[in-house]
There are 2 protein chains.
Amino acid sequence: MRKTIVAYAVALAALIWLLKWLEFRFMVRDLSLEIYLTILAVFFTVLGIWAGLNLTRKKIVTITLGPDFILNEFELNKLGISKREHEVLEWMAKGLSNQEIADKLFVSLNTVKTHTSNLFLKLEVSRRTQAIQKAKQLRLIP
Amino acid sequence: MRKTIVAYAVALAALIWLLKWLEFRFMVRDLSLEIYLTILAVFFTVLGIWAGLNLTRKKIVTITLGPDFILNEFELNKLGISKREHEVLEWMAKGLSNQEIADKLFVSLNTVKTHTSNLFLKLEVSRRTQAIQKAKQLRLIP
DNA sequence: AAATCCTTCACCCGAAAGGGTGAATTGAAC
DNA sequence: GTTCAATTCACCCTTTCGGGTGAAGGATTT
């Protein structure tokens, strides 16, 4: 960045010197002052635009996508869903039957049924498919 | 955009005229030509930078996310799922019972059960929760 | 015309899911 | 130590779901 500024300064000084040199060399003095100034102004305006673009164009936009699932613990507490119930909910969403969930968690089928019943009450649904749908919507499961 | 260019042109002309006027008014001619030119150059460089920024800063980055669901018709055909079956699948995924789907489609419960049975065969699953999961994974439903 | 597929519906049976009630155990909180 | 929520399990009953079989009508293709 500092390097760029120095480079521009040097270029500017060199150009001014060049102009003065041309002035004597080719008798630019003969031209009307207005035209002379206009050329100078336009030249430096263009230079400025170019410089301005180069100073800002390098802003690289980096979009970082975070993990696509963040557990909504607030809803979880709000609905009063316990750890075990949430666990059952996760397996349920993976398409397991109550019996399979019971085997996974090393508990009886009746226990799983109790958990599912409580889940349906807390989620205000009456079928497991609806429970899964609502739980996904509320970000309780991926 | 055209308006902006015209505005800049007018401003430039006005400034040049102002400089020439100042020249006679305050005998700027007495100052060294180098200083005079430098001031002019710096001024127009700054003007150019400002103009350049204004011409480009308004590039608004619009990230348009397309519809997040595109039906995978290839899989649909590959698995041989019919229109009606797909329709049943959609309602199923919304958490409706077979009876509710039957009411929605104005057919009997038995018909819906036939469709679901065929769906399970084609999707190679044995429960509706699994069917929904697999169908979503294969992009057959949103 | 025959074959094929889709759609519709029926009946039967067993398995799974859902709803209700009750109760024992445990661990944390008061 | 008592209260409370969470977890565990049991029993009952009804509804829903899933699997199997069969069949009739319609559209499309061969």
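# Close-up views of a predicted two-chain model

**View 1. Chain A is built from helices.** Read along its sequence, chain A follows the pattern α-α-α-α-α-α-α. The model shown here is predicted. Chain A holds seven helices and zero strands. Of its 142 residues, 32% are buried. Look next at the contacts in chain A between residues with a separation of 6 or more: 59% of them join residues 24 or more positions apart. Chain A exposes about 9,700 Å². Carbon and sulfur atoms supply 63% of that area.

**View 2. Helix α5 of chain A has buried residues on one face.** Helix α5 of chain A covers residues 98-105. Which of its residues are buried? They are A:Asn98, A:Ile101, A:Ala102 and A:Leu105. Seen down the axis of α5(A), these buried residues fall within an arc of 105 degrees, so they line one face of the helix. A general rule helps here. An α-helix has 3.6 residues a turn, so residues three or four places apart point the same way. What covers the buried residues of α5(A)? The cover includes α4 (83-93), α6 (109-123) and α7 (128-137) of chain A.

**View 3. Positive phi values appear at A:Phe106, B:Phe106 and A:Arg139.** A:Phe106 follows α5(A), and its phi is positive, near 60 degrees. In chain B, phi of B:Phe106 is near 55 degrees, a positive value in a residue other than glycine. B:Phe106 sits in the loop between α5 and α6 of chain B. Is B:Phe106 buried or exposed? With 75% relative accessibility, B:Phe106 counts as exposed. A:Arg139 is not a glycine either, yet it has a positive phi of about 60 degrees. Find A:Arg139 in the segment after α7 of chain A. A:Arg139 is partly exposed, with a relative accessible area of 44%.

**View 4. A salt bridge joins A:Lys78 and A:Glu75.** The structure holds eight salt bridges over all chains. In this one, the N to O distance is 3.5 Å. How far along the helix are the partners from each other? Both lie in helix α3 (residues 73-78) of chain A. They are three residues apart, so about one helical turn separates them. A:Lys78 is exposed, with a relative accessible area of 57%. A:Glu75 is buried, at 12%.

**View 5. A salt bridge links two helices of chain A.** A:Lys122 pairs with A:Glu85, and their closest N and O atoms are 2.8 Å apart. A:Lys122 lies in helix α6 of chain A and A:Glu85 in helix α4 of chain A, so the pair ties together parts that are 37 residues apart in sequence. A:Lys122 is partly exposed, with a relative accessible area of 26%. A:Glu85 is buried, with a relative accessible area of 5%.

**View 6. A salt bridge joins the two chains.** Here B:Glu100 meets A:Arg127, with the closest N and O atoms 2.7 Å apart. Why does this pair join two chains? B:Glu100 lies in helix α5 (residues 98-105) of chain B, while A:Arg127 lies in the loop between α6 and α7 of chain A, so the bridge runs from one chain to the other. B:Glu100 counts as partly exposed, at 31% relative accessibility. A:Arg127 is partly exposed too, with a relative accessible area of 24%.

**View 7. B:Thr116 is a buried residue in a helix of chain B.** Look for B:Thr116 in helix α6 (residues 109-123) of chain B. Its relative accessible area is 4%. Buried means under 20%, so B:Thr116 counts as buried. Which residues does B:Thr116 contact, leaving aside its neighbours within four places in sequence? They are B:Val88, B:Met92, B:Asn98 and B:Arg128.

**View 8. Residues of chains A and B make a nonpolar surface patch.** The patch has an area of about 740 Å². From chain A come A:Val61, A:Ile63 and A:Leu65. From chain B come B:Val61, B:Ile63 and B:Leu65. Where does B:Leu65 lie? It is in the loop between α2 (33-56) and α3 (73-79) of chain B. B:Leu65 is exposed, with a relative accessible area of 75%.

Key. Residues numbered from 1 in each chain as written. Chains lettered and ligands numbered in written order. Predicted model: local features only at pLDDT ≥ 70, side-chain atom pairs only at ≥ 80, totals over all residues. Heavy atoms only, no water. Patch = residues over 30% accessible without salt bridge, like charges linked within 9 Å, V, L, I, M, F, W, Y side chains within 5 Å. Areas by Shrake-Rupley, 256 points an atom, 1.4 Å probe, with all protein chains shown as cover. Salt bridge = Lys/Arg side-chain N within 4 Å of Asp/Glu carboxyl O. Helix = DSSP H or I, 4+ residues; strand = E, 2+ residues; numbered from the N terminus. Buried < 20%, exposed > 50% of the residue type's maximum accessible area, 1.4 Å probe, protein only. Arc of directions from axis to C-beta. Contact = heavy atoms within 4.5 Å.
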